[in-house]
Amino acid sequence: MAEGESREASNGKLDVELRRGVLVLSVLSQLQTAQYGYSLRQALAGEGMPIEEGTLYPLLRRLESLGLLVSEWRIEDGPPRRYYTLSADGARHYQNLSASWSELVTTVNRLIASTKEDPKRCTRPK
């Protein structure tokens, strides 16, 4: 594998890790109104945050077991589907996570901007 391809593969792995870190916040953001798994996947993908079924469904079950989500089975125009929405506790956690995220974004943007202003800060000492 060429050096550029290796670096691109490494960046891809890091991108996955970065996205994984914000999945909970992303999922909670879309459950202000009830959604079932497939509609949630579509909503997230439509906003640029694709998520695999094998990641989403265990995450939904974990968030429900933590009391952040509530679910109910519904039959509407098709097979029964489990709809998820934020619980009262989930809404509070979502607000807190959103505030934390905003602070983190501000900090990271400031760090990135400072390295653009002074590129020497990005280089390793020899």
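In which helix is Leu104 found? Leu104 belongs to helix α5, which covers residues 88-117; helices here are DSSP runs of H or I with at least four residues, strands are runs of E with at least two, and both are numbered from the N terminus. Everything below comes from a predicted model, in which local features need pLDDT of at least 70 and side-chain atom pairs count only at pLDDT 80 or more, while totals for chains, interfaces and linings use all residues. Residues are numbered from 1 along each chain as its sequence is written, and side-chain values use heavy atoms, with hydrogens and water left out.

To begin with the sheet, three strands make up an open sheet in the order β1-β3-β2, with antiparallel pairing. Strands count as paired if DSSP finds at least two bridges between them. The edges are β1 and β2, each of which pairs on one side only. Between β1 and β3 there are two bridges, and these strands run antiparallel; Gln35, for instance, has Tyr84 in β3 as its bridge partner. On the other side, β2 and β3 are joined by seven bridges, again in the antiparallel sense. Here Glu72 has Tyr83 of β3 as its bridge partner.

Now for the turn. Strands β2 and β3 form a hairpin with four residues between them. Asp77 is found in this loop, between β2 (69-75) and β3. What is the sign of phi in Asp77? Phi of Asp77 is positive, near 45 degrees, in a residue other than glycine. As a rule, most residues other than glycine have a negative phi. Asp77 counts as exposed because its relative accessibility is 81%; the cut-offs are under 20% relative accessible area for buried, over 50% for exposed and partly exposed in between, with a 1.4 Å probe and protein chains only.

Next come the rings. A search of the whole structure turns up one aromatic pair. The partners are Tyr36 and Tyr83, set edge-to-face with 5.3 Å centre to centre and 65 degrees between the planes. Rings of Phe, Tyr and Trp (its six-membered ring) count as a pair if their centres lie within 6.5 Å, and the planes are called stacked under 30 degrees apart, edge-to-face over 60 and tilted for the rest. This pair links distant parts of the chain, with Tyr36 in β1 (residues 35-36) and Tyr83 in β3 (residues 80-86), 47 residues apart. Both Tyr36 and Tyr83 are buried. Each ring also has a charge over it: the charged end of Arg74 sits 4.3 Å from the centre of the Tyr83 ring, and that of Arg81 sits 4.4 Å from the centre of the Tyr36 ring. For this, NZ of Lys or CZ of Arg has to be within 6 Å of the ring centre and within 35 degrees of the ring normal.

Arg74 turns up again among the salt bridges. Side chains of opposite charge can pair when their charged atoms come close. Taking a salt bridge as a side-chain nitrogen of Lys or Arg within 4 Å of a carboxyl oxygen of Asp or Glu, the count comes to six. Glu72, Arg74 and Glu76 are linked in a network of them. The N to O distance is 2.8 Å for Glu72 with Arg74 and 3.8 Å for Arg74 with Glu76. These residues are partly exposed, with relative accessibility of 41% for Glu72, 26% for Arg74 and 38% for Glu76.

Helix α5 has a salt bridge too, between Asp89 and Arg92, with the closest N and O atoms 3.3 Å apart. Asp89 and Arg92 are separated by about one helical turn because they lie three residues apart in α5. Asp89 is partly exposed, at a relative accessible area of 29%.

Back to Leu104, then. Together with Trp101, Val108 and Ile112, Leu104 forms a nonpolar surface patch with about 340 Å² of accessible area in total. Leu104 counts as partly exposed because its relative accessibility is 45%. Patches are made of residues with over 30% relative accessible area and no salt bridge, joining like charges within 9 Å and nonpolar side chains (Val, Leu, Ile, Met, Phe, Trp, Tyr) within 5 Å.

Technical notes: Areas by Shrake-Rupley, 256 points an atom, 1.4 Å probe, with all protein chains shown as cover.
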